[in-house]
Amino acid sequence: MLGKTLNEFKQSAEAKYQTLKEQLDTQPEKAASKDDLTLPGEGFQLGSRHPLSLVRNEIIDIFKRLGFVVAEGPEIEDDWHNFSALNFPQEHPARDMQDTFFISKKSPNASEANSLSPGEGRGEAIKGNEAGDIALRTHTSSVQVRMMESGKPPFRAIMPGRVYRNEAISARAHCFFHQVEGLYVDENVSFADLKQTLYHFVQELYGEGTKVRFRPSYFPFTEPSAEMDVSCSICKGAGCQMCKYTGWVEILGCGMVDPNVLKNCGIDSEKYTGFAFGMGIERIANLKYQIRDLRLFSENDVRFLKQFQTEIN
Ligand SMILES: [Zn+2]
């Protein structure tokens, strides 16, 4: 069947070739191209990558060179993977409807939707306890839980992805943003490994000589926890508008994985230790490109996006 079709195709191509060849022999002026082939070609309009993709790819490349693999997971998560396994206490404010988009488990039903009074239903935040335990993930730490639950140490991975928070949209906050989190779990992983890994990361990202400082902090899923600042890449520490004249910019949160989290994921916390970190891609991009309004990233304004045309990779 295929042979027959191919044969027909071959015959038709040969016939076409013969016709053109005869035409070229008998009427060369008709067969010749009317276009001047020596003229330069018309410009080819090349698209550009989104600045967040550029920064995400750069971060991924740096960690890949350190042996980290990329892990991904669902954007719609349950309470266990987003909160409970990560040691969030039941009363933690992040579980509140103010911070998290909960999803109703009820299937949409026409008669029910019609019976809603004005102001109910779509557009209204659903209270956590009414919605059950399904939510749009608030961080990509849920991917760490899934990875640890389904595998065996050592783990060395980064988790890029979109996350959601129930925030009013402004120049400094949005209802969604992008994160890259990282996890390294093995025997004898220490805070020194965490510092050295992140120090190397910022040398690669912002250039040699970038300074780092760690400030003690608190996260439910790490102990001890820290926020990491880097010396401002714009003013080199002298003080500018971007760093609010402090010379430092906060870029990520990090810490040693809380033994409770390891236990929750079925990992022997006596044998294994680990570190984790997380950063917002928007924040890194703001600093890199000096962008002062978060909303620009999701408005699809071609005038904004075109500025990244030369950075295609
Ligand atoms: Zn500065």
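Two strands are said to pair if DSSP finds at least two bridges between them. The legends below apply that term to a predicted model.

**Figure 1. Pairing of strand 4 with strand 5 in the predicted model.** Strand 4 (residues 155-164) and strand 5 (residues 176-186) run antiparallel and are joined by 10 bridges. Along this ladder, Y164 has F176 of strand 5 as its bridge partner, and M159 is matched with E181 of strand 5. Nine of the 11 residues of strand 5 are buried, so this strand is largely enclosed by the rest of the structure.

**Figure 2. Pairing of strand 5 with strand 9.** Eight bridges connect strand 5 and strand 9, again in the antiparallel sense. Within this pairing, D186 stands opposite T273 of strand 9.

**Figure 3. The seven-stranded open sheet.** The strands follow the order 1-4-5-9-8-7-6, and their pairing is mixed. Strand 1 (69-70) and strand 6 (212-219) occupy the edges; each has a single partner strand, so one side of each is left without a neighbour in the sheet. In general, strands of a sheet pair through backbone hydrogen bonds, either parallel or antiparallel.

**Figure 4. Helix 8 packed across four strands.** Helix 8 (residues 191-206) lies across strand 6, strand 7 (222-231), strand 8 (248-257) and strand 9 (273-280). Relative to strand 8, the helix runs at about 150°.

**Figure 5. The largest nonpolar core, with a view of M279.** This core comprises 45 residues, of which F63, I251, F277 and M279 touch the most other members. Two or more residues each are given by helix 3 (51-65), strand 5, helix 8, strand 7, strand 8, strand 9, helix 10 (281-289) and helix 11 (302-305). Helix 3 provides the largest share, seven residues. Leaving aside residues up to four places away in sequence, M279 touches I59, F63, H178, Q179, V180, F201, I251, L252 and I284. A second, separate core holds 23 residues, including F221, V257, L262 and A276.

**Figure 6. The zinc site.** Four cysteine SG atoms, from C232, C235, C240 and C243, coordinate the zinc ion at 2.2 to 2.3 Å. The donor atoms subtend angles of 105 to 114° around the ion, which makes the arrangement tetrahedral. Along the sequence, the donor residues follow the spacing C-x2-C-x4-C-x2-C. Both C235 and C240 are buried.

**Figure 7. Surroundings of the zinc donor C232.** C232 is found in the loop between strand 7 and strand 8. Its relative accessibility is 1%, and because buried means under 20%, C232 counts as buried. When residues up to four places away in sequence are not counted, C232 touches G237, C240, C243, G247, W248 and V249. The C-alpha atoms of C232 and T210 are separated by 8.2 Å, although these residues lie 22 residues apart along the chain.

**Figure 8. Helix 7 and its covered residues.** Helix 7 (residues 141-150) is mostly covered, with seven of its 10 residues buried. The buried residues are S141, S142, V143, Q144, V145, M147 and M148.

**Figure 9. The chain as a whole, for orientation.** The chain contains 11 helices and nine strands. Of its 313 residues, 38% count as buried. Among contacts with a separation of 6 or more, 70% are accounted for by residues 24 or more positions apart.

Technical notes: Residues are numbered from 1 along each chain as its sequence is written. This is a predicted model: local features need pLDDT of at least 70, side-chain atom pairs count only at pLDDT 80 or more; totals for chains, interfaces and linings use all residues. Side-chain values use heavy atoms; hydrogens and water are left out. Contact means heavy atoms within 4.5 Å. Axes are lines fitted to C-alpha atoms, for helices over the stretch in contact, and angles run from 0 to 180 degrees between N-to-C directions. A nonpolar core is a set of buried Ala, Val, Leu, Ile, Met, Phe, Trp, Tyr and Cys residues joined through side-chain atoms within 4.5 Å. Buried means under 20% relative accessible area, exposed over 50%, partly exposed in between (1.4 Å probe, protein chains only). Donors are N, O and S atoms within 2.8 Å of the metal (3.2 Å for Na, K and Ca); water is not among the atoms, so sites may look incomplete. Four donors count as tetrahedral if all angles lie between 85 and 135 degrees; four count as square planar and six as octahedral if opposite donors are over 155 degrees apart and all others between 65 and 115; anything else is irregular.
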